[in-house]
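Me: I'm new to this one and would like a close look at a single part of it. Here it is.

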Amino acid sequence: MLTREIAQTIVLETSLRLNRNINIMNEKGIIIASCDPSRIDDIHEGALEVLKSGETLIIPFNEEGVWRGAQPGINLPIVFQDKILGVIGITGNPEDIKELGGIVKMITELMIKEKFIASQLEWKLRTKEMIIEELLKSSPSYSNIDRWLNLIDLKLQAPFITHVIQMTDRTLTNQALINKIEGIIGEEQCLVGFININRMFIAFSGFAQEAADKKRQNLYADLKKLKLKFRLAYSTSFISMNKFNHSYTDCDLALQISDESEDFISFAEVEPKALIYKIDRAWGERFTNRIMNKTLVKYADTLEAFFKNNLNIQQTADDLYIHRNTLIYQLSKIEKETGYDPKRFKDALTLQLALWSDKKLKSEELANLERHNGDR
């Protein structure tokens, strides 16, 4: 834990606060950090004595030169987890700095503890990211996953639910956000990590459906309170760990095909639409070209609102800010010019599939155009 980088940080921090010359020696008595750069890598015999005895060593002015590489002052052991990591020395008149010794020692050991905790958190965070990366592979190594889970003392138990949070704006650090989410869900029943800079993966582990729903609602509400801009998609429940890859794909697709204004998306609710995005393109084109015409294109928003309101005419008219009779006229025009009556379930289903398929084809064409322009 007592690296040269950490030691130099401690020297800078403590010397600035106390306006004293500070030296830090490692477990071999070598000066690894000092306010005086010329002393770096010198042997400090006073430190060797402290390392040997485990006790504080005071070097008065009349003993200057007795301890090679040491100057008058006070030298104290740096202890962490009952082990002496090194020695910290304060140069000056021992009588003047004697009372500072305990303070400097405490500050030093606290800083080392903070660095240790930070390194442990970073290591744990990276281990979780490795587990997630492996889980999302088409052919995961379960031996590696089990080994990494054991390292962080975490067990994943069925049933599982995958969640993906896509963020567009945030002020919290990765670690702070992960800590917050683990606190809401319960660290022992979730696996949380970042897939990329703005996308998080969360696996619920061992929750019954009702409990999972409640935890998810709490998570959504608390993230909203933090003023984060995000969209959350979640998969259906599954019991086999080899389904993580598939469940993540479902969440990713749910984010793609749902409206940008939706920020809480269940894959189960968009699954019928998702099927359209998974069918053969040629089949989808034939179906869309047969159903879609100018009238459907013109009244696409009307139909989408009508279907969203469960074929309720009054609710749809209110949502569209149009008169009820105007809506009835538009629906009648659609029936007349397409042969499909939007008020009948079977015909409404056909029209909804056509609208979804048309949107899919247009998004693919746009993506191909952007890719083509990017290659030019």
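How many cavities of 30 Å³ or more does the structure hold, and what can you tell me about what's there?

Reply: Keep in mind that this is a predicted model. The structure holds one cavity of 30 Å³ or more, and its volume comes to about 60 Å³.

Let's go round the walls. The lining includes a run you can follow along the sequence: Gln-71, Pro-72, Gly-73, Ile-74 and Asn-75. Further on, Gly-89, Ile-90 and Thr-91 line the cavity too, and Asn-23, Arg-39 and His-44 complete the list. Two strands stand out here: β4 (73-80) and β5 (83-91) each give at least two residues to the lining. Sorted by class, the lining has seven polar residues, three nonpolar ones and one charged one.

While you have the model open, have a look at helix α5 as well. Helix α5 covers residues 174-185, twelve in number, and spans 17 Å from its first C-alpha to its last, close to the 16 Å expected at 1.5 Å a residue. Its buried residues are Leu-177, Ile-178, Ile-181, Glu-182, Ile-184 and Ile-185. Looking down the axis of α5, you'd find these buried residues within an arc of 160 degrees, so they line one face of the helix. What do they pack against? The buried residues of α5 pack against the helices α3 (94-135) and α6 (209-225), along with the strands β6 (160-169), β7 (190-196) and β8 (199-205). Just after α5 comes Gly-186, with a positive phi of about 110 degrees.

Definitions and conventions
Residues are numbered from 1 along each chain as its sequence is written. This is a predicted model: local features need pLDDT of at least 70, side-chain atom pairs count only at pLDDT 80 or more; totals for chains, interfaces and linings use all residues. Side-chain values use heavy atoms; hydrogens and water are left out. On a 1 Å grid over the protein atoms alone, a cavity is a set of points where a 1.4 Å probe fits but cannot get out, and a pocket is an open set with protein on both sides within 12 Å along at least five of seven lines; lining residues have an atom within 4 Å of a point. Grid points are joined across faces, edges and corners, and a volume is the space filled by probe spheres set on the points. Helices (H or I, at least four residues) and strands (E, at least two) are DSSP runs, numbered from the N terminus. Ala, Val, Leu, Ile, Met, Phe, Trp, Tyr, Cys and Pro count as nonpolar, Asp, Glu, Lys and Arg as charged, and the others, Gly among them, as polar. The expected span of a helix is 1.5 Å times one less than its number of residues. Buried means under 20% relative accessible area, exposed over 50%, partly exposed in between (1.4 Å probe, protein chains only). The arc is that of the directions from the helix axis to the C-beta atoms. Contact means heavy atoms within 4.5 Å.
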